[in-house]
Amino acid sequence: MKETTGKVRSLPKEVAADFILWGGNIVTMDPRTPTAQAVAIKDGRFWKVGKDAEVKALAGGKTNTVALKGRTVAPGFIDSHQHLSQVGTDLLQIDCGPRFCKSIAQIQRAVLKEVRRKPPGEWVRGVGYDDTKIADPRTLSRWDLDEVAPTHPVFIQHVCGHWAVTNSKGLEAGGVREDTSDPKGGAYGRDPQTGKLNGILFEQAEFAYVFEGLTPQAPIMPPFSLKDRRRGLGMACDMHLASGITSVHDALVSALSLETYQEAFRRGDLKLRVYMLIPYEYLPHLQALNLKAGFGNEWLKIGGIKIIADGAIAGRTAYLSEPYVGTQEKGILVAESEEALHESIRRGHEAGFQVCVHANGDRAIEMTLDGFAKALHALPRKDHRHRLEHCTVVNQEILRRIKKLKLLVLPFGSYIHHHGEKMIPYYGPERVEMMFAHRSFLDYGIPVSGSSDSPCGPYEPLLAIQSCVTRKSAAGEVLGAKQRITVDEAIDLYTRAAAYASFEEDLKGSIEPGKLADLVVLGQDPRRVTPDEIKDISVEMTMVGGEVKYAKT
């Protein structure tokens with residue numbers, strides 16, 4: 001998009017706009033003034049929103065102007081639950097996703113290529129493996145990886161992030177033997193015929209290898225260097241900016257992730273605004289330092305305390321009240337016990353934090369609601385905005401209780417589209433009708449915001465908006481049609497509602513004078529194309545704080 005120097009009139013620099021976008025279709029998400037033609041930006045904030053003539057009158061000799069030529073402008077998209085820091089380190093690893101690896105043999109070839117360039121004993125790491133999107137009817141195993149990496153430990157993470165596959169050297173590095181007991185809140189996979197370890201690591205067994213802060217010991221795999229983490233974060237930020245995202249809530253920020261963010265901010269490399277959810281395990285450290293929720297600035301801020309109650313939807317480890325289709329399995333309670341979960345919620349609430357609990361399955365959600373009810377009864381707090389992260393499998397009683405407790409919910413936006421092939425086989429049609437229940441949440445008056453859980457699902461907001469509106473899988477199958485929402489409602493999830501989920505509704509989420517000048521320019525209006533075309537709308541430009549951070553070439 002071409003930028004030109006405005007010559008409408010000459011105002012002194014101190015009273016002129018820094019930037020003006022005019023001649024457009026501006027979707028403000030401000031219910032008082034829902035549409036406009038132009039917007040002026042000054043000192044990183046929206047200054048004037050209105051008609052072309054009144055906004056262009058604020059131009060000076062050094063004002064940058066953009067003629068939108070009818071394009072659509074919306075507030076910068078906010079992803080209210082994802083893992084930007086992990087996306088960054090994922091970019092440093094083998095991509096085992098279906099785009100590049102459509103079979104176990106292709107994963108083996110990718111691992112072998114990495115093995116040949118690394119000395120024996122050094123870790124080979126891959127991400128994005130999805131057992132439902134490859135040609136093989138079986139799951140990747142320890143023995144598949146042993147074939148190509150007999151002298152290197154290998155770790156291939158499933159797309160859900162809640163289980164992974166390692167080889168014999170990897171098991172050895174973790175001190176896992178055939179007689180090793182399953183950790184609480186996790187399990188070691190075993191071959192159903194022989195009973196031998198097959199290399200699959202579920203939940204806490206996997207966390208011990210890769211997620212700092214979630215287990216008492218340091219991760220088994222060595223961390224990436226700060227230099228590499230910064231490089232990965234920079235690439236991740238650029239990808240998100242190209243999709244129109246200007247803010248994220250990083251839902252699992254460890255000590256190393258915080259170091260990465262701080263260093264990027266210090267060097268001026270942090271291009272997205274980040275609201276950080278800190279694992280519950282760090283709560284004693286935050287309290288010892290007297291750090292509170294909201295500490296930071298408009299770029300980098302400590303937010304809520306993150307607690308993990310159960311497993312994953314795409315990984316079939318969410319904790320359910322009834323078994324998965326065709327099995328006797330009900331998933332995994334990752335929390336050490338129901339009592340331990342309640343105690344974690346109580347402590348986070350008592351410390352004054354926003355408590356954000358990852359709870360996917362209906363049984364895990366029920367346990368979590370019991371914990372919130374106890375904490376709020378013992379110590380009432382107005383406007384706590386405690387959050388149910390994902391809150392996937394629900395029913396009418398769960399909805400009633402969420403409303404009564406005044407909790408926020410953050411269901412996956414793009415999962416119907418991206419993981420649709422898993423839903424009926426894993427959960428059955430009846431449960432799918434009440435999964436990712438955006439319509440039900442809105443009808444109950446429950447605050448609901450948009451999230452991707454990237455890298456577990458696609459991060460692109462336009463794809464998520466389409467998924468919420470159509471409830472169609474990538475193959476075109478409609479799943480849970482009664483949970484469809486309108487395009488306006490879906491845009492709200494990724495703008496105003498997402499800002500509310502971080503107590504920042506007065507700062508961002510709509511195009512209003514005084515708010516941060518975060519916006520996205522779209523090639524078309526999502527409300528004026530057929531719903532199946534929303535994901536294909538081009539992102540022309542993304543601005544953060546009144547600065548162009550991405551422009552389509």
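# Chat notes: burial, cavities and strand pairing

User: Let's start with R439: buried or exposed?

Analyst: R439 is buried, with a relative accessible area of 19%. The cut-off for buried is under 20%, so R439 falls within that class. Keep in mind that this is a predicted model.

User: Which helix is R439 in?

Analyst: R439 sits in helix 15, which covers residues 438-443.

User: And what does the side chain of R439 make a polar contact with?

Analyst: With the side chain of E489, at 2.9 Å.

User: Okay, over to L493. Where is that one found?

Analyst: L493 belongs to helix 17, residues 487-493. L493 is buried, and its relative accessible area is 2%.

User: How far apart are L493 and S449, in sequence and in space?

Analyst: They are 44 residues apart in sequence, but their C-alpha atoms are 4.4 Å apart in space.

User: Switching to empty space. How many cavities of 30 Å³ or more does a search of the whole structure find?

Analyst: The search turns up 4 of them. The largest has a volume of about 200 Å³. It is lined by 22 residues, and H83, C160, H162, D453 and C456 are the closest to its centre.

User: What does the lining of the largest cavity look like by class?

Analyst: It has 12 nonpolar residues, 8 polar ones and 2 charged ones.

User: How much space lies in the second largest cavity?

Analyst: About 50 Å³. Its lining includes S247, V248, H249, R273, V274 and Y275. N297, E298, W299, K301, E504 and K508 line it as well.

User: Which strands supply at least two residues of that second lining?

Analyst: Strand 16 (245-250) and strand 17 (273-279) each do. By class, the lining of the second largest cavity divides into 4 nonpolar, 3 polar and 5 charged residues.

User: Stay with strand 16 for a moment. How many of its residues are buried?

Analyst: 6 of the 6, so strand 16 is largely enclosed by the rest of the structure.

User: What joins strand 16 to strand 17?

Analyst: There are 4 bridges between them, and the two strands run parallel. One pair to look at is H249, whose bridge partner in strand 17 is Y275. H249 and Y275 are also among the residues lining the second largest cavity.

User: And how does strand 9 run relative to strand 16?

Analyst: Strand 9 (residues 77-82) runs parallel to strand 16, again with 4 bridges joining them. In that pairing, D79 stands opposite V248 of strand 16. V248 is another of the residues lining the second largest cavity.

User: What about the open sheet, in what order do its strands come?

Analyst: The order is 4-3-8-22-23-24, so 6 strands with mixed pairing. Strand 4 (35-36) and strand 24 (547-551) are the edge strands, each pairing on one side only.

User: In which sense do strand 23 and strand 24 pair?

Analyst: Antiparallel, over 4 bridges, with strand 23 spanning residues 539-544. Within strand 24, E547 is the residue that V544 stands opposite.

User: Now cysteines. What does the disulfide count come to?

Analyst: The count comes to 0. For C96, the nearest cysteine sulfur is that of C101, 4.8 Å away, and C96 is in no disulfide. A disulfide needs the two sulfur atoms within 2.5 Å, so 4.8 Å doesn't make it.

User: Is C96 buried or exposed?

Analyst: Buried, with a relative accessible area of 0%.

User: And where is the nearest cysteine sulfur to C356?

Analyst: It is that of C391, 13 Å away, and C356 is in no disulfide either. C356 counts as buried too, at 0% relative accessibility.

User: Last topic: how much space lies in the largest pocket?

Analyst: About 1200 Å³. The pocket is lined by 44 residues, and D90, L91, D95, V127 and G128 lie nearest its centre.

User: Which elements give two or more residues to the lining of the largest pocket?

Analyst: The helices are helix 2 (84-90), helix 3 (104-115) and helix 7 (226-241). The strands are strand 10 (94-95), strand 11 (124-129) and strand 12 (154-158). Strand 11 contributes the largest share, 4 residues.

User: And by class?

Analyst: The pocket lining has 19 nonpolar, 11 polar and 14 charged residues.

How values were computed
Residues are numbered from 1 along each chain as its sequence is written. This is a predicted model: local features need pLDDT of at least 70, side-chain atom pairs count only at pLDDT 80 or more; totals for chains, interfaces and linings use all residues. Side-chain values use heavy atoms; hydrogens and water are left out. On a 1 Å grid over the protein atoms alone, a cavity is a set of points where a 1.4 Å probe fits but cannot get out, and a pocket is an open set with protein on both sides within 12 Å along at least five of seven lines; lining residues have an atom within 4 Å of a point. Grid points are joined across faces, edges and corners, and a volume is the space filled by probe spheres set on the points. Ala, Val, Leu, Ile, Met, Phe, Trp, Tyr, Cys and Pro count as nonpolar, Asp, Glu, Lys and Arg as charged, and the others, Gly among them, as polar. Buried means under 20% relative accessible area, exposed over 50%, partly exposed in between (1.4 Å probe, protein chains only). A polar contact is a pair of N or O atoms within 3.5 Å; within protein, one must be able to donate a hydrogen and the other to accept it, and residues adjacent in sequence count only if both atoms are side-chain atoms.
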